[in-house]
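Trainee: I have the model open and would like to go through it with you. Could we begin with how its parts meet?

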Amino acid sequence: MTKTVVILGGSFGGLHVAHALLKKQHKDVKVILVSKNSHFYWNLASVRAIIPGLIKDEDIFKPLESALSRYPSTSYELLIGTATAADFDAKTVDVTVSTDNSRRTLTYDHLVLATGSRCPEPTSPWKASGSYEEVLEHLHQTAKKAKAAKHIVVGGAGGTGVEVAGELAYEWGKTKEIILLSADDKVLGGDVTASAAANELKKLNVSIKYGARVDSTSTNSESGKTEVKLANGEVIATDLYLSTIGVVPNTEYVPAKYLAGKDNYRTVVVDEYLRVKETKDVWACGDVVSKPRAGFFITQKQAVSVAKNIEAALAGKEPAVAKGPPVDIFACAVGRGRGAGRMGSVKLPSFAVWLAKGRTLAIQMVPGYIDGSVA
Ligand SMILES: Cc1cc2nc3c(=O)[nH]c(=O)nc-3n(C[C@H](O)[C@H](O)[C@H](O)COP(=O)(O)OP(=O)(O)OC[C@H]3O[C@@H](n4cnc5c(N)ncnc54)[C@H](O)[C@@H]3O)c2cc1C
């Protein structure tokens, strides 16, 4: 009898698992990929795509259908929609279908949670937070506003904030004022790469403000400027404020007993096999898990393990302990010429980070996610 594997989320984790299962051409397995976004989005390049004219939309957004249509049409279904509820006892998932807002209840034999995370600011283009059309519009709007602005404030000095400030300053550091707000006394949360990244940003004329925790933002109706209020009471008026502060795991449809964390930061709890705790047939990978941290290399490795463990379960075998990357690599592009990074705790030279990441923001990896060679 045909077994159904429902995968929620069509990004690094979900698409990888879909390819891994479909490539094997199991005769008795059907994959249903459910995704809010109809396109695979190479969000790593979003930081540069906000500079007009540098990156073509079609190089970083690829239709999910173009990835799956290489497999027999009876082996998969692509459903563009949003998972709104799941019942792990009844083995069902409710999906609101994007085309007509109708509701479909899917029944599964195995379920993969790969719905990742979103930006807290709905108009931020750094992640596939909305539909394809929405994300594209947010990216274009941000690029238009960045071009017009003379003064830009970037809130949050994590990896995304450092990369956004670096890209803006590489293009406009001599003609626009670029300010990066860091809540801590170091960028990148004090990672060993923090001082190297800060030095590279300074070379590009970025002003870094430390101890600058953003409290709120508002628009001044007279000047039209955005007023960024800091926790210490200071107010910075700017033409454009870009928030890069935090991400929110997309786990609202998961029953609370399978989640850890609080408020709007709730991640899925998994065991060493990446199986959701207290379930037999629900698996999770990527930013919904965010362990050991949220990262695409980690997501990729987890997707490999999830696919293998589902195949093992379908064959009546025991799962294997999930493997992570052999070493934790962290790389931060700082503009189009430099970078800061580390392999484990060993710092990498700026040139090496540029070569490995900053030169192309790894866009050359996109075709592998479409033709399935990544899996
Ligand atoms: C600017 C930036 C640069 C980065 N650079 C790096 C880097 O250099 N190295 C690195 O390791 N990591 C990097 N990351 C982190 C990386 O982007 C994430 O770890 C990765 O995106 C996680 O992939 P994912 O498959 O878990 O989910 P996501 O990429 O978050 O995608 C989730 C998918 O699920 C869909 N979805 C959401 N909710 C639902 C729902 N309810 N129902 C159905 N579908 C849903 C979304 O539309 C989306 O398609 C970067 C992040 C940012 C923001």
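Mentor: Domain 1 and domain 2 bury about 1,200 Å² between them, and 72% of that area is on carbon and sulfur atoms. Please keep in mind that this is a predicted model.

Trainee: Which three residues supply the most of the area that domain 1 buries against domain 2?

Mentor: Those are Val47, Ile50 and Ile51, which together supply 47% of the area on the domain 1 side, more than any other three residues.

Trainee: And where do the domains run along the chain?

Mentor: The domain assignment gives domain 1 as 3-119 + 247-325, and domain 2 as 135-245. Their C-alpha centres lie 32 Å apart.

Trainee: How many residues of each domain are in contact with the other?

Mentor: There are 14 residues of domain 1 in contact with 17 residues of domain 2.

Trainee: What about salt bridges across that interface?

Mentor: The rule finds one between domain 1 and domain 2. Arg48 forms a salt bridge with Glu167, and the closest N and O atoms are 2.9 Å apart. As for polar contacts, the count between the two domains is two residue pairs, both at pLDDT 80 or more.

Trainee: Which elements give two or more residues to the domain 1 side?

Mentor: Those elements are α2 (46-49) and α3 (57-60). The largest share of the side of domain 1 that touches domain 2 comes from α2, with four residues.

Trainee: How do the residues on that side divide by type?

Mentor: The side of domain 1 that touches domain 2 has 10 nonpolar, two polar and two charged residues.

Trainee: Changing topic to the ligand: which residues come nearest to it?

Mentor: Of the 34 residues around the ligand, Ser11, Lys127, Asp287, Phe296 and Lys357 come nearest.

Trainee: What polar atoms face the ligand's oxygen atoms, say from Asp287?

Mentor: A polar side-chain atom of Asp287 lies 2.8 Å from an oxygen atom of the ligand. Ala128 places a backbone N or O atom 3.3 Å from an oxygen atom of the ligand.

Trainee: Which ligand atom does the backbone of Lys36 approach?

Mentor: For Lys36, a backbone N or O atom lies 3.2 Å from a nitrogen atom of the ligand.

Trainee: Back to salt bridges: how many does the structure hold?

Mentor: It holds 17 salt bridges. One pair is Lys24 with Glu311, whose closest N and O atoms are 3.0 Å apart. This pair links distant parts of the chain, 287 residues apart: Lys24 is in the loop between α1 (12-23) and β2 (29-35), and Glu311 is in helix α8 (residues 296-314).

Trainee: One last topic, the backbone. Is the peptide bond from Lys291 to Pro292 cis or trans?

Mentor: That bond is cis, with omega near -5 degrees. Pro292 is in the loop between β20 (282-284) and α8.

Trainee: And what is the sign of phi at Asp263?

Mentor: Asp263 has a positive phi of about 50 degrees although it is not a glycine. The residue Asp263 is in the loop between β18 (259-262) and β19 (265-268).

Technical notes:
Residues numbered from 1 in each chain as written. Predicted model: local features only at pLDDT ≥ 70, side-chain atom pairs only at ≥ 80, totals over all residues. Heavy atoms only, no water. Domains from an automatic or database assignment. Contact = heavy atoms within 4.5 Å. Buried area = accessible area lost by both parts, 1.4 Å probe. Salt bridge = Lys/Arg side-chain N within 4 Å of Asp/Glu carboxyl O. Polar contact = N/O pair within 3.5 Å; in protein donor to acceptor, adjacent residues only side chain to side chain. Nonpolar A, V, L, I, M, F, W, Y, C, P; charged D, E, K, R; others polar. Near = heavy atom within 4 Å.
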